[in-house]
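Work through the exercises below with the sequence and the model open. Each task is followed by a solution in steps.

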Amino acid sequence: SAGADPIMHWHGDPDLPDVDLIVVPGGFSYGDYLRAGAMAAHSPVIREVVARANKGVPVLGICNGFQILLETGLLPGTLIRNERLKFVCRSVNLQLQPDHGSPLLSTLDPDHSLTMPIAHNEGNYFAHKDDLEMLKQNGQIAFKYTASSAFGPDNPNGAIDGIAGILSANGRVLGMMPHPERAVGNGHPSSDGKLLLSSILQGVA
């Protein structure tokens, strides 16, 4: 539905073709050795990903992709072990933060909470006080977990301020723990991921 076929690019190839959007997907890169995303952040292609992001090319990092973007320094903060030290795999509700400054999220309804799954062991977002204040003041917090009768408490991993996703200062790099690609209908319990991905594509256009 994007009007173009995605390019699957090998992490060991530094020659990234010209693209309108870079997506760093979830998974367990390098088995999450050392810490999640730490080794993948030094893959040959990542240097070019960082360079493109610094030139304004939009980047979406999902779960392990979010961890990688944090390790590169494209986004502030870090992700540590879940509060209860257990892998968490379930659906959550997300609330778009109304003061975000991103064209990637401009078509989303701030009054509509999004339902998407999470599946991670290190999803506990942490930032030092100064970084957290900067995120708040600059509208760089994209999503927070919110409670629901269906999915339980509003913070599944202990993330500071319930943060589920953040933005770069220019609003063109988005990192998030929940998986929008696993919430697109067609057998998935939610299709809210389509709303987010469609918004990103419209923001890129």
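## Exercise 1: Cysteines

Cys-63 is buried, at a relative accessible area of 4%, where buried means under 20% relative accessible area, exposed over 50% and partly exposed in between (1.4 Å probe, protein chains only). The model is predicted: local features need pLDDT of at least 70, side-chain atom pairs count only at pLDDT 80 or more, and totals for chains, interfaces and linings use all residues. Residues are numbered from 1 along each chain as its sequence is written, and side-chain values use heavy atoms, with hydrogens and water left out.

Task: Determine how many disulfides the whole structure has, and state how far the sulfur of Cys-89 is from the closest cysteine sulfur.

Solution.
- Step 1. A disulfide is taken as a pair of cysteine sulfur atoms within 2.5 Å.
- Step 2. The search of the whole structure returns zero disulfides.
- Step 3. For Cys-63, which is in no disulfide, the nearest cysteine sulfur belongs to Cys-89 and is 9.8 Å away.
- Step 4. Seen from Cys-89, the closest cysteine sulfur is that of Cys-63, at 9.8 Å, which is too far for a bond.
- Step 5. Cys-89 counts as exposed at 57% relative accessibility, whereas Cys-63 is buried.

## Exercise 2: Helix H2 and the aromatic pair

Task: Find how many aromatic pairs there are, and explain which parts of the chain the pair ties together.

Solution.
- Step 1. Rings of Phe, Tyr and Trp (its six-membered ring) pair if their centres lie within 6.5 Å; planes under 30 degrees apart count as stacked, over 60 as edge-to-face and the rest as tilted.
- Step 2. By this rule there is one aromatic pair.
- Step 3. Phe-66 and Tyr-125 form the pair, with 6.2 Å centre to centre and 15° between the planes, and the pair is stacked.
- Step 4. Phe-66 belongs to helix H2 (residues 64-72) and Tyr-125 to strand E6 (residues 124-126), so the pair ties together parts that are 59 residues apart in sequence. Helices (H or I, at least four residues) and strands (E, at least two) are DSSP runs, numbered from the N terminus.
- Step 5. Both Phe-66 and Tyr-125 are buried.
- Step 6. In H2, seven of the nine residues are buried, so the helix is largely enclosed by the rest of the structure. The buried residues of H2 include Asn-64, Gly-65, Gln-67 and Ile-68.
- Step 7. Gly-73, just after H2, takes a positive phi of about 90°.

## Exercise 3: Positive phi outside glycine

Task: For Leu-85 and Asn-186, give phi, and then place each residue.

Solution.
- Step 1. Most residues other than glycine have a negative phi.
- Step 2. Leu-85 has a positive phi, near 60°. Leu-85 sits in the loop between strand E3 (78-80) and E4 and counts as exposed at 52% relative accessibility.
- Step 3. Asn-186 also has a positive phi, near 50°. Its place is the loop between strand E9 (173-176) and H4, and Asn-186 is exposed at 75% relative accessibility.

## Exercise 4: Contacts of two helix residues

Task: Which residues do Glu-48 and Lys-194 touch, leaving aside neighbours within four places in sequence?

Solution.
- Step 1. Contact means heavy atoms within 4.5 Å.
- Step 2. Glu-48, in helix H1 (residues 44-54), is in contact with Pro-14 and Leu-16.
- Step 3. The C-alpha atoms of Glu-48 and Pro-14 are 6.6 Å apart, although 34 residues separate the two along the chain. Glu-48 is partly exposed at 25% relative accessibility.
- Step 4. Lys-194, in helix H4 (residues 192-204), touches Ala-183 and Val-184. Lys-194 is partly exposed, with a relative accessible area of 44%.
- Step 5. Between Lys-194 and Asp-109, 85 residues apart along the chain, the C-alpha separation is 13 Å.

## Exercise 5: Exposed proline

Task: Locate Pro-98, and state whether Pro-98 is buried or exposed.

Solution.
- Step 1. Pro-98 is in the loop between strand E4 (88-96) and strand E5 (114-120).
- Step 2. With a relative accessible area of 68%, Pro-98 is exposed.
- Step 3. The C-alpha atoms of Pro-98 and Val-24, 74 residues apart along the chain, are separated by 25 Å.
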